[in-house]
Amino acid sequence: MRDYIFGGNWKMQITSMKETEKIINSMVENCPTFKKNTKVFIAPSLPMLPLASKMLKNSPISLAAQNVGSIEKGAMTGETSILTLKELGVEYVIIGHSERRIIIGEKDSIINEKLKLVLSHGLTPVFCVGETAEERRKGKSIGVIYDQLSEGLKGITDISGLVIAYEPVWAINNTLLNPVGKITPASPEDAEAMHKSIRQWLLNKFGEDANNVPIIYGGSMNSTNAKELLAREEIQGGLIGSASLSSEKFFPIIKAQP
Ligand code: PGA
């Protein structure tokens with residue numbers, strides 16, 4: 001049975017401790033019983049992690065970080081060590097999100113270092129790949145994704161513990177990346193086709209182990225479209241931004257799992 005993973009990527013959308021506390025409280029109180037093969041995490045901003053860690057302790061919801069420094073320890077202003085994340089009970093780390101690639105300017109080489117670091121510490125990286133609207137228009141989607149995969153996974157031989165999120169940039173609910181009014185989720189057909197291409201790339205590179213890597217979808221996933229997306233065999237969960245900011249929006253997506 002394949003694993004399903006649902007992650008709430010809060011980005012910088014919740015900016016107060018009070019609000020963080022309120023949302024997590026409601027999530028813990030209203031948390032449904034997840035299926036055995038289902039993992040759920042939320043990724044609040046880094047300063048909220050100690051609070052979130054305490055609150056989620058005896059709940060089935062795991063803790064994730066939105067970022068990590070590319071070295072274990074040292075002189076790296078503004079970054080957070082994997083050792084600190086581990087101490088806080090973080091289990092998942094989002095790496096290579098297009099907001100970091102495009103807005104912050106994070107390069108494939110840094111993403112590769114972060115992936116290696118997170119895997120070597122036994123945490124689960126949620127490695128995001130995705131093409132922009134322009135790359136898609138030019139018919140370059142698969143080439144872009146394959147480049148991101150081969151650069152990001154360079155030198156990595158053991159992919160047990162890896163999760164991949166296909167997040168087409170054009171589908172992400174982000175007006176810094178996409179024009180207002182032009183943001184739509186990928187159709188289940190398009191998303192599944194890309195997931196299959198990603199799986200094929202992984203199989204070619206890593207052999208049978210690739211079958212154990214969950215490939216989840218992200219980009220405007222919500223309670224209305226989740227059922228159709230998740231009905232596709234290759235879509236094994238979601239990385240959810242805007243619709244993960246309350247239990248009322250987030251949990252129906254998880255319940256839509258087939
Ligand atoms: P969205 O964000 O669900 O708000 O589109 C998804 C993501 O960027 O992870």
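A salt bridge here is a side-chain nitrogen of Lys or Arg within 4 Å of a carboxyl oxygen of Asp or Glu. The structure, a predicted model, holds 13 of them. Its 8 strands close into a barrel with parallel pairing. Helices α7 and α8 contact that sheet: α7 packs on it, and α8 lies across β5, β6 and β7.

**Barrel**

- The strands follow the order β1-β2-β3-β4-β5-β6-β7-β8 around the barrel.
- On average, neighbouring strands of this sheet are turned by 30° against each other, direction ignored.
- Strand β7 covers residues 215-218, and strand β8 covers residues 237-240.
- These two strands run parallel and are joined by 2 bridges.
- Tyr-217 has Gly-238 in β8 as its bridge partner.

**Helices against the sheet**

- Helix α7 touches β5 (124-129) and β6 (163-166).
- The direction of α7 makes about 150° with that of β5.
- Helix α8 runs at about 145° to β7.

**Helix α5 against helix α7**

- Helix α5 spans residues 108-120, and helix α7 spans residues 141-152.
- Their axes come within 8 Å and cross at roughly 50°.
- That crossing makes α5 oblique to α7, because the angle lies outside the ranges for roughly parallel (under 35 degrees), roughly perpendicular (65 to 115) and roughly antiparallel (over 145).
- On the α5 side, the contact uses Asp-108, Asn-112 and Leu-115.
- On the α7 side, Gln-148, Glu-151 and Gly-152 take part.
- The residues of this contact divide into 1 nonpolar, 3 polar and 2 charged.

**Salt bridges**

- Asp-108, one of the α5 residues that meet α7, also forms a salt bridge with Arg-101 (3.0 Å, N to O).
- Arg-101 counts as buried, because its relative accessibility is 14% and the cut-off for buried is under 20%.
- Asp-108 counts as partly exposed, at 26% relative accessibility.
- Lys-138 and Glu-134 meet through their side chains in a salt bridge (2.9 Å, N to O).
- Lys-138 is exposed, with a relative accessible area of 52%.
- Glu-134 is partly exposed, with a relative accessible area of 42%.
- Arg-136 pairs with Asp-190 in a salt bridge, with the closest N and O atoms 3.1 Å apart.
- The Arg-136 and Asp-190 pair links distant parts of the chain, 54 residues apart.
- Arg-136 sits in helix α6 (residues 133-137), and Asp-190 sits in helix α8 (residues 188-206).
- Arg-136 is partly exposed, at 36% relative accessible area.
- Asp-190 is also partly exposed, at 38%.
- A network of salt bridges links Glu-79, Arg-100, Glu-106 and Lys-114.

**Ser-244**

- Ser-244 lies in the loop between β8 and α10 (247-255).
- Ser-244 is buried, with a relative accessible area of 0%.
- Not counting residues up to four places away in sequence, Ser-244 touches Gly-8, Asn-9, Trp-10, Met-27 and Phe-250.

Terms used. Residues are numbered from 1 along each chain as its sequence is written. This is a predicted model: local features need pLDDT of at least 70, side-chain atom pairs count only at pLDDT 80 or more; totals for chains, interfaces and linings use all residues. Side-chain values use heavy atoms; hydrogens and water are left out. Axes are lines fitted to C-alpha atoms, for helices over the stretch in contact, and angles run from 0 to 180 degrees between N-to-C directions. Helices (H or I, at least four residues) and strands (E, at least two) are DSSP runs, numbered from the N terminus. Contact means heavy atoms within 4.5 Å. Ala, Val, Leu, Ile, Met, Phe, Trp, Tyr, Cys and Pro count as nonpolar, Asp, Glu, Lys and Arg as charged, and the others, Gly among them, as polar. Buried means under 20% relative accessible area, exposed over 50%, partly exposed in between (1.4 Å probe, protein chains only). Two strands pair if DSSP finds at least two bridges between them.
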